[in-house]
Amino acid sequence: MGDKEKTVCDSSSSSRDQSKVEEEEEEALMALYGSESGWVEARIHCDHLDTLSSDLIHIPTPDTPCNRCHHPAENWLCLSCKDVLCSRFINKHMLDHYQQQNHSVALSFSDLSVWCFSCNSYLDAQVMLPLRPVYETAYILKFGEAPPVRTVEFLQVDDSTSGN
């Protein structure tokens, strides 16, 4: 191979190597910040909260089995009718319930997360006021104490036109 051909080949190989390094770095960042890391950004707004039960303080205990198959774990609480049904990883009874009844919002007794089937997203139950009572009640029932208070930092914006 001539020197000119070798230089072209080395240059092409070098750009492919650099591209591969950049691709690996991007994948590492996605793994760190994306879904592969398990980190999911919960929504702070949902249009489906109008279907919530009016009494989310009186709920079944977190050890309640699925109302259909009686499976003892991975159960969810429907926040519309308060049925306790198993997850999509067991027998999919909560998913079936959503599809049949259109009850969109449910609380996981496993980790106390709240999921909206219609939004296909987790909801931040500590920030969304209609969800806070059920989250706090479930936490007390599960752990025997009130949940830790989560502080929310607010960004203060200076209004230079008003002098404040």
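**Local geometry, polar contacts and the main pocket**

K82 is partly exposed, with a relative accessible area of 22% (buried is under 20%, exposed over 50% and partly exposed in between, with a 1.4 Å probe and protein chains only). The model is predicted, so that local features require a pLDDT of at least 70 and side-chain atom pairs a pLDDT of 80 or more, whereas totals for chains, interfaces and linings use all residues. Residues are numbered from 1 along each chain as its sequence is written, and side-chain values use heavy atoms, with hydrogens and water left out.

The protein chain contains three helices and five strands (DSSP runs numbered from the N terminus, with H or I over at least four residues for helices and E over at least two for strands). Their order along the sequence is α-β-β-α-β-β-β-α. The chain has 164 residues, of which 31% count as buried. Among the contacts in the chain with a separation of 6 or more, 50% join residues 24 or more positions apart, a contact being heavy atoms within 4.5 Å.

Positive phi values occur at several residues other than glycine. K82, introduced above, is located in the loop between strand 1 and strand 2 (84-86), and its phi is near 70 degrees. H70 also has a positive phi, near 65 degrees. This residue belongs to the loop between helix 1 (3-33) and strand 1 and is exposed, with a relative accessible area of 55%. A further positive phi, near 60 degrees, is found at N102, which follows helix 2.

The loop between strand 1 and strand 2 also holds S80. In contrast to the partly exposed K82, S80 is buried, with a relative accessible area of 15%. Its side chain reaches the backbone oxygen of T51 at 2.8 Å, a polar contact (N or O atoms within 3.5 Å, one able to donate a hydrogen and the other to accept it, with sequence-adjacent residues counted only if both atoms are side-chain atoms). Apart from neighbours within four places in sequence, S80 is in contact with T51, L52, S53, H103 and V105.

N75 lies in strand 1, which spans residues 75-78. It is buried, with a relative accessible area of 2%. The N75 side chain makes a polar contact of 2.9 Å with the backbone oxygen of H71, and a polar atom of the same side chain lies 3.5 Å from the backbone nitrogen of C86. When residues up to four places away in sequence are not counted, N75 touches T64, P65, C66, V84, L85, C86, L107, S108, F109 and S110.

Helix 2 (residues 93-101) has H93, M94, L95, H97 and Y98 as buried residues. The cover over these buried positions includes strand 1, strand 2 and strand 3 (105-108). N120 is placed in the loop between strand 4 (114-116) and strand 5 and is exposed, with a relative accessible area of 56%. Its C-alpha is 9.9 Å from that of V105, with the two positions 15 residues apart in sequence numbering.

A disulfide is taken as a pair of cysteine sulfur atoms within 2.5 Å, and by this rule the count is zero. C69 is in no disulfide, its nearest cysteine sulfur being that of C66 at 3.7 Å; C69 is partly exposed, with a relative accessible area of 27%. The closest cysteine sulfur to that of C116 belongs to C119, and the 3.6 Å between them is too far for a bond. C116 is buried, at 0% relative accessibility.

The largest pocket has a volume of about 320 Å³. A pocket is an open set of points on a 1 Å grid where a 1.4 Å probe fits, with protein on both sides within 12 Å along at least five of seven lines; lining residues have an atom within 4 Å of a point. The volume is the space filled by probe spheres set on the points. The lining comprises 17 residues, and A42, S113, L123, D124 and R150 lie nearest the centre. Strand 5 (121-123) and helix 3 (132-143) each supply at least two lining residues, with the largest share, three residues, coming from helix 3. By class, the lining has nine nonpolar, three polar and five charged residues, where Ala, Val, Leu, Ile, Met, Phe, Trp, Tyr, Cys and Pro count as nonpolar, Asp, Glu, Lys and Arg as charged, and the others, Gly among them, as polar.
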